[in-house]
Amino acid sequence: MRKGFAASILIALVLALGHVSAKAASSWHDQGTTVSTAIDGRATNAAAQNTIYSCSFSKVTTRTTLPSWVNSSTGTLSYASKPVVSGTVSWTSYYKAVVSGAQRLLTGNGLPSHTTGTFPISSSDSAYTYDKNPNSIASVRQYFAPPASPTYSSSPTCVGMGAIGISTSGEVFYNPLDADGYDPLIEEMFDACEGHPDSAGQIHYHHLSPCLTDNGSASQHSTQIGWIFDGYGIYGPWGNSGAKVTNSDLDVCHGHTHSVTDSTGTTSSVYHYHANESFPYLIGCYRGSTNVATGTTLLTTPNTGFWYTSTASGRGFGMEVQGSSMFIGIYTYDSTGADLWYVVSCTLTTTTCTGDLTAYSGGTTLSNIGVASTSPTSSSVAGTFTLTVTSSTTATVAITPTSGSATTYSLTRFPISGSTVSSAPSWAPQTGWWWSSSYSGTGWFIENQGTVTSGGTTYSNYFMVGYAYGSTYTSGQGNWYANTSGQNVQTGSSTSSWSGTLYEYVNGPTVTGSSGSTTLYATKGSATIQFTSSTTATLTLPNGKQIALTRFTFF
């Protein structure tokens, strides 16, 4: 268990830990194995063995010309003969699966937990001759909520285009047809993990991936490798019989019922799907009575960065999204005018994120950071906070206090300099939450926007807000400290530095207020940050003490 910005946040974040571990390749198949596949023409308008019951296609014509790695008479594909997209690219994957009421929430950022090939496919890659896939891999916010206890239906339903499920480590499964209704294994190119991205940047598998861990063997049933969007689990190719499962062992939807242990450790006799090496590879139809197979690419993700209300100057929101988990820090003022900060931790659904508006007190003061550490001694919930996303740069906030009337207002992304928000340069530190694990309950929200080059030196527009606890204006209360909008200086290909002054302000708007005029209360002194990479830094505080900062993972 990790420490968060405040001790009480720990409970909310235990279920939101990051996921970046690589997966060992299984032995489902290798590039020298010849496996059974389709020769197209297997989309049908009803559930049937060895076919895909498609919502979009019916009896697509079989291709008359097949590539050299497919035997046209036997319908087999030789992995040893098929080109593979080259490259070894690492990613930071966020994914979690939790049961909430009647639903199993499956959320993530769509990035794989293993390395991938290089996309778009390079013209120098042998795979480019057959597939000029121009798409890049990108973070795609995922939010799926299938039933936690699915209901078996004797009348299966059809499978639409795109996503049909998600692996237990966050990779996405697609149905076994391409956009034209043909089998993508035949002529589309995949990397060594059998994945490739679509036009939205979502990397996905149409069949078995050797990079998903499956502990099945000739003596052990396969472990669960994912969830299908009707709520049922999908397992690897090994069955109870000690042999790999064939289509004759499965029903028309590519599943069957017997006792099995799922990824949560629960053992029960339940319907489940099997991934194997015969068409339709993953599922042939949905056996569950309901499914949530809506596209992953239609969800709007709010920009990570500073947000503000133009009608109430001096109050701001540091918002970050990792997968579908959000962490929001609000710098504002209490009714006496003292500066105050709240935090909100919540799960972003399709458009909304709701959580407690929580304040903490009794933690380490700014002057004591680097000297002594004091965890927050108490917390209080001021109300419920709901964010509704209307675009990547606009949102509305509804706050229902524990006492008093509800308040609603609009938020927009904050342009540090000028009238528009500029993207950060590649050498600048990552925008978002930073922290020192030695000083729980304190944190720093950092953002860079745009670049300016002058006299041979390159700068980015920079804004930072720090959170600690009061020792003067309001003893023990959560305080925030801002630098005036300044410049971050590039010192290397992935390093930079900032120097400036930290200030404390008072008399601004409360979190539910609509007016207030901020005034400077105290100049806390000079501070510097030396960024040693995009995710690591050394902060020198006004007291002269130095502390190590790193990017904060709250997922």
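Lys132 sits over the face of Tyr128, 4.9 Å from the centre of the ring. That's one of the charge-over-ring arrangements in this predicted model, and Lys96 gives another, lying over the face of Phe555 at 5.8 Å from the ring centre.

**The overall picture**

Zooming out, the protein has 35 strands and 2 helices. Its C-alpha atoms fill a box of roughly 80 × 55 × 40 Å along the principal axes. For 555 residues, a compact globule would have a radius of gyration near 24 Å, and the 26 Å found here agrees with that. Buried residues account for 54% of the 555 residues. If you look at contacts with a separation of 6 or more, 63% of them involve residues 24 or more positions apart. As for the surface, the protein exposes about 21,000 Å², with carbon and sulfur atoms supplying 49% of that area.

**Aromatic pairs**

How many aromatic pairs are there? The count comes to 33. Take Phe306 and Phe463: their ring centres are 4.9 Å apart and their planes stand at 75°, and because an angle over 60 degrees counts as edge-to-face, that's the label for this pair. Phe306 belongs to strand E19 (residues 305-308) and Phe463 to strand E29 (residues 457-469), so the pair ties together parts that are 157 residues apart in sequence. Are these two residues buried or exposed? Both Phe306 and Phe463 are buried.

Strand E29 turns up again with Tyr467, which forms an edge-to-face aromatic pair with Trp341, at 4.9 Å centre to centre and 70° between the planes. Here too, distant parts of the chain are linked: Trp341 is in strand E22 (residues 339-347), Tyr467 is in strand E29, and the two are 126 residues apart. Trp341 has a relative accessible area of 2%, so it falls under the 20% limit for buried. Tyr467 is buried as well, with a relative accessible area of 3%.

**A buried arginine**

What does the side chain of Arg287 contact? One partner is the side chain of Asp251, with a polar contact of 3.3 Å. In addition, a polar atom of the Arg287 side chain lies 2.8 Å from the backbone oxygen of Ser153. Arg287 is found in strand E18 (residues 286-288). With a relative accessible area of 6%, Arg287 counts as buried.

**Backbone oddities**

Most residues other than glycine have a negative phi, and most peptide bonds are trans. A few places in this model go the other way, and the table puts them side by side.

| Site | Backbone feature | Value |
|---|---|---|
| Phe119 to Pro120 | cis peptide bond | omega near 0° |
| Phe279 to Pro280 | cis peptide bond | omega about 15° |
| Asn50 | positive phi | phi about 65° |
| Glu194 | positive phi | phi near 65° |

Where do these sites fall along the chain? Pro120 is in the loop between strand E7 (103-108) and strand E8 (142-144). Pro280 is in the loop between strand E17 (267-274) and E18, and E18 is the strand that holds Arg287. Asn50 is placed in the loop between strand E2 (43-44) and strand E3 (52-53), while Glu194 is in the loop between helix H2 (184-187) and strand E12 (195-197).

The two residues with positive phi fall into separate burial classes. At 32% relative accessibility, Asn50 counts as partly exposed. Glu194, at 4%, counts as buried.

**Back to the loop between E7 and E8**

Ser136 is found in the loop between E7 and E8, and Pro120 is placed in that loop too. Which residues does Ser136 touch, leaving aside residues up to four places away in sequence? They are Phe119, Pro120, Pro197 and Gly201. Two of those names, Phe119 and Pro120, are the residues joined by the cis peptide bond with omega near 0°. The C-alpha atoms of Ser136 and Asp198 are separated by 8.0 Å, with their positions 62 residues apart along the chain. At 39% relative accessibility, Ser136 counts as partly exposed.

Definitions and conventions
Residues numbered from 1 in each chain as written. Heavy atoms only, no water. Phe/Tyr/Trp six-rings, centres within 6.5 Å; stacked < 30°, edge-to-face > 60°. Helix = DSSP H or I, 4+ residues; strand = E, 2+ residues; numbered from the N terminus. Buried < 20%, exposed > 50% of the residue type's maximum accessible area, 1.4 Å probe, protein only. Lys NZ or Arg CZ within 6 Å of the ring centre and 35° of its normal. Rg over C-alpha atoms; globule rule 2.2 N^0.38 Å. Contact = heavy atoms within 4.5 Å. Areas by Shrake-Rupley, 256 points an atom, 1.4 Å probe, with all protein chains shown as cover. Polar contact = N/O pair within 3.5 Å; in protein donor to acceptor, adjacent residues only side chain to side chain.
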